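Morning, everyone. I'll take you through one model today, strands to begin with, then helices, then the core. Please have the sequence and the structure open.

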Amino acid sequence: FFLTRRELDLKASSKTTVPRIDDLIFHKDVVFTLTEVRSARPHIENPPPKKVFLFIVDALRLDFMTRQEGVTDSDSPYNQFQSMHRLLEHNASQSLLFGFRADPPTVTAQRLKSLTTGSLPTFIDIGANMNSSAITEDNFIDQLLSRAAFVDSNISRNTCPDTCTEIDCNCTNTSSCPTNNTTPNPTPTLIALGDDTWGSLFPTQFTSTQYYDSFNTRDLDTVDEGIISHLFDYLPCGNNLTSPLKSLKNDYLAQEVQCSDANKPNWDLMIAHFLGVDHIGHTHNAFHPLMGERLALMDMLLMQVIERLPPDSVLFLFGDHGMTDQGEHGGSSQHETESGLFVYSTEPMFTVHTSNNDTNGRNDNN
């Protein structure tokens, strides 16, 4: 793993077929279904959602997301995602929880490169975590932008002429392609809030950004408070008109806010990358009382976001990596590499087949 990482400048075209979730076979050593939720792979019932919300909690350990029996201490980092687990229990057709193992080095820049490009980092690149450069290889951010091409809504993917070199009749030889009802897709609106590493990796791609310094690990509050102060400017008001604004040093505040859906952007991808959990770990440790408090805040924010998600949206909550008991990360230990992936869809999305054949909270056969 000390080999130099080679970046390819090749780009997938819109002709590339994206597999459906139910066609994917997750390798048991990388992604595993948590059988406290369900044991079968999901089956997509409806067309893919049109909006995606990435709720990233930096350094979120897997065991902080799963239920831990016998833990009753309210200050513990365990069992703080109570709202998430209620969704998993009562909204099974809309929610799933997976665990996954991140490929080391478990540092943010390299993990974001892996998550957005599908490639694997190497330890020789760990120095780039402090000075990340823009991603030049193929990635899903650039794919979202490049697919804003000319699409004829009346032409299916399987009926384009053979002379077309691009799917959806975005052709090189345009004279042989149908021209009726061909209109350009609007450029996707991409929003990024939080960790400024996203700005280093994707300096020009996002439509709107609010970034904060990610390397002052002694600052436990600025990034998360900054995200919260802007987050609901991009979300519909919903039924709940209270904001989860909180003085992170005092008790929770249920602060009434004036909410209007007028002039809110119609985004396609929204990323909120929180750093408080990571910084509490670095400054104190994984089991400091502040950790439980911050995880409870993340759980509350999760519900506030879900209540306000636009129709036809899907939310992914996950950590980019985990942390040790001492609050550190970068290596390949189990707590550093294991995190969780919570999926929530505003529409029923999954057919669930439950099983009681596993008692360890994990099924490595799916």
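A term before the strands: two strands pair if DSSP finds at least two bridges between them. Also, keep in mind that this is a predicted model.

Now apply that term. Strand β2, residues 51-57, pairs with β11 in the parallel sense, over six bridges. One point of register: Lys51 has Ser313 in β11 as its bridge partner.

Move on to β11 itself, residues 313-318. Five of its six residues are buried, so the strand is mostly covered. β11 is also joined to strand β12, residues 338-345, by five bridges. Here the strands run antiparallel. Val314 stands opposite Ser345 in β12. Phe318 has Leu341 in β12 as its bridge partner.

What else pairs with β12? β3 does, in the antiparallel sense, over seven bridges. Gly99 stands opposite Gly340 there. Is β12 enclosed or open? Seven of its eight residues are buried, so β12 is largely enclosed by the rest of the structure.

On to the helices. Take α2, residues 108-117. Nine of its ten residues are buried, so this helix, too, is largely enclosed by the rest of the structure. The buried set includes polar and charged names: Gln110, Arg111, Lys113 and Ser114 are among them. Leu112 and Ala109 are buried as well. What covers them? The cover over the buried residues of α2 includes three strands, β3 (95-101), β6 (190-195) and β10 (269-274). It also includes two helices, α3 (140-146) and α4 (197-201). Just after α2, look at Gly118: its phi is positive, about 80°.

Next, a helix pair. α6 covers residues 276-283, and α7 covers residues 289-308. They pack at an angle of about 175°, with axes 10 Å apart. Angles over 145 degrees count as roughly antiparallel, and α6 and α7 are therefore roughly antiparallel to each other. Which residues meet? From α6, Gly276, Val277, Ile280 and Gly281; from α7, Leu290, Met291, Arg294 and Leu295. By class, that contact has five nonpolar residues, two polar and one charged.

Now a single side chain, Phe81. You will find Phe81 in the loop between β2 and α1 (82-90). Buried or exposed? The cut-off for buried is under 20% relative accessible area. Phe81 has 1% relative accessibility, so Phe81 counts as buried. Beyond four places in sequence, Phe81 touches Leu60, Phe64, Met65, Leu295, Met298, Asp299 and Leu317. Take Phe64 from that list. Phe81 and Phe64 are 17 residues apart in sequence, and their C-alpha atoms are 8.0 Å apart.

Last, the core. In soluble globular proteins, nonpolar side chains tend to be buried together. How many residues are in the largest nonpolar core here? It has 46 residues. Those with the most contacts inside this core are Phe53, Phe55, Leu231 and Phe342. α7 gives the most to this core, with eight residues.

Zoom in on Leu231. Setting aside neighbours within four places in sequence, Leu231 contacts Phe53, Leu193, Met270, Ala272, Leu301 and Val305. Apart from that core lies another one, of 16 residues. Ile56, Ala102, Ile141 and Phe206 are among them.

That's my tour. Questions, please.

Definitions and conventions. Residues are numbered from 1 along each chain as its sequence is written. This is a predicted model: local features need pLDDT of at least 70, side-chain atom pairs count only at pLDDT 80 or more; totals for chains, interfaces and linings use all residues. Side-chain values use heavy atoms; hydrogens and water are left out. Axes are lines fitted to C-alpha atoms, for helices over the stretch in contact, and angles run from 0 to 180 degrees between N-to-C directions. Helices (H or I, at least four residues) and strands (E, at least two) are DSSP runs, numbered from the N terminus. Angles under 35 degrees count as roughly parallel, over 145 as roughly antiparallel, 65 to 115 as roughly perpendicular and the rest as oblique. Contact means heavy atoms within 4.5 Å. Buried means under 20% relative accessible area, exposed over 50%, partly exposed in between (1.4 Å probe, protein chains only). A nonpolar core is a set of buried Ala, Val, Leu, Ile, Met, Phe, Trp, Tyr and Cys residues joined through side-chain atoms within 4.5 Å.
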